[in-house]
Amino acid sequence: MMNPVPESLCYTPAHTWLRAEADGTLTVGITHHAQEMLGDIVFVELPDAGTDFAAGAQTGVVESVKSASDIHTPVAGRITAVNDDLATAPETVNSDPYGAGWFFKILPADPAALDSFLTADQYAVQIG
């Protein structure tokens, strides 16, 4: 069984994960727990690359057979890439939330922004 809380990532209380990349960007997606709560994902709307966002700003929408949820950026910065594959295969978020189901990459305005998020252990405690 896949570990639902990978140690190598950082997390937000709102069930978003972040991974620091070698180029200084952060890859952002939703957690295994979040995709389980949503159910079968049928549509993902993502921001345009090159767009600047404030921390907490809405960047898109995830729709499932159960509900729709807004996607928010956990840090301020510029979107550098989006996962275009989700337009034709949104179910990838369900099957591989920490891999091919990522949403976008963002270049944070503050490189130390990652320091304020939850560790895997802290997030695991939060989701029980």
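This report describes the overall fold, the nonpolar cores, three buried residues and the largest pocket of one protein chain.

The structure is a predicted model, in which local features need pLDDT of at least 70 and side-chain atom pairs count only at pLDDT 80 or more, whereas totals for chains, interfaces and linings use all residues. Residues are numbered from 1 along each chain as its sequence is written, and side-chain values use heavy atoms, with hydrogens and water left out.

**Overall fold**

The protein chain holds three helices and nine strands, where helices (H or I, at least four residues) and strands (E, at least two) are DSSP runs numbered from the N terminus. Read from the N terminus on, the elements follow the order β-β-β-α-β-β-β-β-β-α-β-α. The radius of gyration, taken over C-alpha atoms, is 13 Å, close to the 14 Å that the globule rule gives for 128 residues, so the protein chain is as compact as a globular protein of that length; the rule itself is 2.2 Å times the number of residues to the power 0.38. Along the principal axes, the C-alpha atoms fill a box of roughly 35 × 30 × 20 Å. Of the 128 residues, 46% count as buried, a term that means under 20% relative accessible area, with exposed meaning over 50% and partly exposed in between (1.4 Å probe, protein chains only). Among contacts (heavy atoms within 4.5 Å) with a separation of 6 or more, 60% join residues that are 24 or more positions apart.

**Nonpolar cores**

A nonpolar core is a set of buried Ala, Val, Leu, Ile, Met, Phe, Trp, Tyr and Cys residues joined through side-chain atoms within 4.5 Å. The largest has 24 residues, and Val 44, Phe 103 and Phe 104 are those with the most contacts inside it. At least two residues of this core come from each of β3 (26-30), α1 (32-38), β4 (41-45), β8 (77-82) and β9 (104-108), with β3 giving the most, three residues. Apart from it lies another core, of eight residues, which includes Val 5, Leu 9, Trp 17 and Ala 120.

Beyond residues up to four places away in sequence, Val 44 touches Val 61, Ile 71, Leu 86, Pro 90, Val 93 and Phe 103. Val 44 and Phe 104 are 60 residues apart in sequence and, C-alpha to C-alpha, 11 Å apart in space. With the same sequence neighbours left aside, Asn 83 is in contact with Leu 46, Ala 100, Gly 101, Trp 102 and Phe 103.

| Buried residue | Place | Relative accessible area |
|---|---|---|
| His 15 | loop between β1 (10-11) and β2 (16-20) | 15% |
| Val 44 | strand β4 | 7% |
| Asn 83 | loop between β8 and α2 (92-95) | 4% |

**Largest pocket**

On a 1 Å grid over the protein atoms alone, a pocket is an open set of points where a 1.4 Å probe fits, with protein on both sides within 12 Å along at least five of seven lines, and lining residues have an atom within 4 Å of a point. The largest pocket is lined by 15 residues, of which Ala 14, His 15, Thr 16, Ile 30 and Asp 70 lie nearest its centre. Within this group, His 15 has a phi near 70 degrees, a positive value in a residue other than glycine. Both α1 and β7 (68-72) supply at least two lining residues each, and β7 gives the most, with four residues.
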